[in-house]
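Student: Could we go through this model and check why each label is used?

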Amino acid sequence: MKGKADHIGQQIEEALQMLSTPERAVQMPRYFKTGKGEYGEGDIFYGVSVPDQRSVAKEFYKEISLEELSEVLKSEVHEMRLTAILILVAKYEKAKSTTEKRKLADFYLDHLKYVNNWDIVDSSAHKILGDYAFHNSEEEILYRLSSDENMWKKRVAVVGSFWFIKNKHYELTQKLILNNLKHPHDLMHKANGWMLREIGKKDESVMLNFLNKHYKEMPRTSLRYAIERLDEDLRQDYLKGNI
């Protein structure tokens, strides 16, 4: 970072370091699977809680430019990236015009390389891309990401559709889930099951109709996440294949 970008980026970094705890810094690499060959390989942690990161984001989101934010988001430190994304979400939620929201959604898409862990995805995908795609009839953005080879982009797509679920539009989510129903990674199984469960909260009949067609071919993790809130007898019927 250089000049002003260095100045505000340094302020954010110093604020996070002040809020770090050694115990959390030791625990987080294990929690986010940073070992060799694991999905978070190479990530560095200061050990800052999410509420504290939200506080830092709230402090800096108004004054930081997108150029400066880009530099923070490229950090190898996990909390720097998550804080940058929380700042972007705050900017998006406060944006007044479609033009401004489009600029921020494009920024998000251009920086997806750094939206590379489940918490960063889950804190932003529906609040930025989901909202933008829903209000501008640009579902194709999520379809395209769903077909990308990168797992995080696939997760961005299905979690992004959460915004559609909140607005009682369920078809897109179901298509995205089917597109990656048998993806090899557990993180996709969890995301798919989570979104099915969210559909069930809004309209249980829609979720059950989907499950009745596909539950026998679904990964066990997806199924367990989806049926978590169902009556215990019905849960067991699904788990035992008795539907």
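Tutor: Sure. The side chains of E171 and K175 meet in a salt bridge, 3.1 Å from N to O. A quick note on the basis: this is a predicted model, where local features need pLDDT of at least 70 and side-chain atom pairs count only at pLDDT 80 or more, while totals for chains, interfaces and linings use all residues. Residues are numbered from 1 along each chain as its sequence is written, and side-chain values use heavy atoms, with hydrogens and water left out.

Student: Why is the contact between E171 and K175 called a salt bridge?

Tutor: The term asks for a side-chain nitrogen of Lys or Arg within 4 Å of a carboxyl oxygen of Asp or Glu. E171 and K175 come in at 3.1 Å, N to O, so the label fits.

Student: Where do E171 and K175 sit relative to each other?

Tutor: They are four residues apart in helix α12 (residues 171-179), so about one helical turn separates them. Helices here are DSSP runs (H or I, at least four residues), numbered from the N terminus. An α-helix has 3.6 residues a turn, so residues three or four places apart point the same way.

Student: What makes E171 exposed?

Tutor: Buried means under 20% relative accessible area, exposed over 50%, and partly exposed in between (1.4 Å probe, protein chains only). E171 has 55%, so it counts as exposed. K175 has 39%, so it counts as partly exposed.

Student: How do you know whether E198 is buried or exposed?

Tutor: E198 has a relative accessible area of 10%, which is under 20%, so it is buried. Its salt-bridge partner K201 is partly exposed at 44%.

Student: Which parts of the chain does the D122 to R155 salt bridge link?

Tutor: D122 and R155 have their closest N and O atoms 2.6 Å apart. The pair links distant parts of the chain, with D122 in helix α7 (residues 118-122) and R155 in helix α10 (residues 151-160), 33 residues apart. Both residues are buried.

Student: Why are helices α5 and α6 called roughly antiparallel?

Tutor: Helix α5 (residues 78-94) and helix α6 (residues 98-110) pack at about 160°, with their axes 9 Å apart. Axes are lines fitted to C-alpha atoms, for helices over the stretch in contact, and angles run from 0 to 180 degrees between N-to-C directions. Angles over 145 degrees count as roughly antiparallel, so α5 and α6 earn the label.

Terms used:
Helices (H or I, at least four residues) and strands (E, at least two) are DSSP runs, numbered from the N terminus. Angles under 35 degrees count as roughly parallel, over 145 as roughly antiparallel, 65 to 115 as roughly perpendicular and the rest as oblique.
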